[in-house]
Structures are given as C-alpha cells and as structure tokens.
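Got the viewer open and a selection box ready? Let's walk through this one stop by stop, picking residues as we go.

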Amino acid sequence: EAPDIMQAIRVRRIGYLGHVIRYPDNRWCKIMLSACGPHQIKKGPRLNWWKCVQKDLTCFKINAASACS
C-alpha cells in the first residue's frame, strides 16, 4: 500500500517549520515567517505557506503556539 501523499507533504512542511524556528532571528526566512504586512493583498493565492502549516498542525493535533516556542 502506497503512503498517503498528502500526509507525507504535511510531515515535510512541519519538518521545515522546525528548521525555520531554530534559525537565528536575523535570517530572512525567520523574519518573513513573523512578518505581517499593513494591508492584505487582494490578488494572488489565498492559501499561503503559513496557512498550510497551520492546517497541517491542526490535522496532527499540534498546538501552533507550542510548536513555535
């Protein structure tokens, strides 16, 4: 039986989040993870990487606050 592709993608996204969280605060990827723009862009994809990761954490019943601390 083949492994569930979506579960494999979720696991890798959460793994990458773990790497980004451990980076020093001056790395661009960590800065972008915590960046919030003043205005929401109306055009473009509605589901970004962070929203996907939040859904993945919910799927695996992991609290996002505890995952990022």
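Is cysteine 29 buried or exposed? Select cysteine 29 and check its surroundings: its relative accessibility is 10%, so cysteine 29 counts as buried. Now add cysteine 59 to the selection, which at 44% relative accessibility counts as partly exposed. If you were hoping for a sulfur-sulfur link, a search of the whole structure turns up zero disulfides. One thing to keep in mind from here on: you're looking at a predicted model.

**Zoom out to the fold**

Switch to cartoon and colour by secondary structure. You'll see four helices and zero strands in the protein chain, so read along the sequence the pattern is simply α-α-α-α. For an overall feel, colour by accessibility: buried residues make up 16% of the 69 residues in the chain.

**The charged network between α1 and α3**

Next, select aspartate 56 and show its side chain. How accessible is aspartate 56? Its relative accessibility is 2%, so aspartate 56 counts as buried. Now bring in arginine 13: aspartate 56 forms a salt bridge with arginine 13, and the closest N and O atoms are 2.6 Å apart. That pair links distant parts of the chain, with aspartate 56 in helix α3 and arginine 13 in helix α1, 43 residues apart. Both ends are tucked away, since aspartate 56 is buried and so is arginine 13.

Keep aspartate 56 on screen and add arginine 10. Here is another salt bridge, this time between arginine 10 and aspartate 56, with the closest N and O atoms 3.4 Å apart. Arginine 10 sits in helix α1 and aspartate 56 in helix α3 (residues 49-59), so this pair ties together parts that are 46 residues apart in sequence. Arginine 10 is partly exposed, with a relative accessible area of 23%.

Leave Arg10, Arg13 and Asp56 selected together for a moment. Aspartate 56 and arginine 13 are both buried, and salt bridges with shared partners join Arg10, Arg13 and Asp56 into one network.

**Another salt bridge, and a charge over a ring**

How many salt bridges does a search of the whole structure find? The search finds three. Besides the contacts you've just seen, pick aspartate 25 and lysine 30: they form a salt bridge whose closest N and O atoms are 3.2 Å apart. Aspartate 25 counts as exposed, at 61% relative accessibility.

While you're in this stretch, select tyrosine 23 and arginine 27. Look down onto the ring and you'll find arginine 27 lying over the face of tyrosine 23, at 4.3 Å from the ring centre. As for ring-on-ring contacts, don't spend time hunting: a search of the whole structure finds zero aromatic pairs.

**Across to helix α2**

Select leucine 33, found in helix α2 (residues 28-34). At 25% relative accessibility, leucine 33 counts as partly exposed. Then add tryptophan 50 and draw a distance between the C-alpha atoms: leucine 33 and tryptophan 50 are 17 residues apart along the chain, and their C-alpha atoms are separated by 7.5 Å.

**A greasy spot on the outside**

Turn on the surface and select Ile5, Met6 and Ile9. Together they form a nonpolar patch on the surface, with about 270 Å² of accessible area. Isoleucine 9 is located in helix α1 (residues 5-22), and at 36% relative accessibility isoleucine 9 counts as partly exposed.

**Last stop: a backbone oddity**

Where should you look for lysine 61? Head for the loop between α3 and α4 (64-67). Pull up its backbone torsions: phi of lysine 61 is near 55°, a positive value in a residue other than glycine. With a relative accessibility of 77%, lysine 61 counts as exposed.

Terms used
Residues are numbered from 1 along each chain as its sequence is written. This is a predicted model: local features need pLDDT of at least 70, side-chain atom pairs count only at pLDDT 80 or more; totals for chains, interfaces and linings use all residues. Side-chain values use heavy atoms; hydrogens and water are left out. Patches are made of residues with over 30% relative accessible area and no salt bridge: like charges are joined within 9 Å, nonpolar side chains (Val, Leu, Ile, Met, Phe, Trp, Tyr) within 5 Å. Accessible areas come from the Shrake-Rupley method with a 1.4 Å probe; for residues, only the protein chains shown count as cover. A salt bridge is a side-chain nitrogen of Lys or Arg within 4 Å of a carboxyl oxygen of Asp or Glu. Helices (H or I, at least four residues) and strands (E, at least two) are DSSP runs, numbered from the N terminus. Buried means under 20% relative accessible area, exposed over 50%, partly exposed in between (1.4 Å probe, protein chains only). Rings of Phe, Tyr and Trp (its six-membered ring) pair if their centres lie within 6.5 Å; planes under 30 degrees apart count as stacked, over 60 as edge-to-face and the rest as tilted. A charge sits over a ring if NZ of Lys or CZ of Arg is within 6 Å of the ring centre and within 35 degrees of the ring normal. A disulfide is a pair of cysteine sulfur atoms within 2.5 Å.
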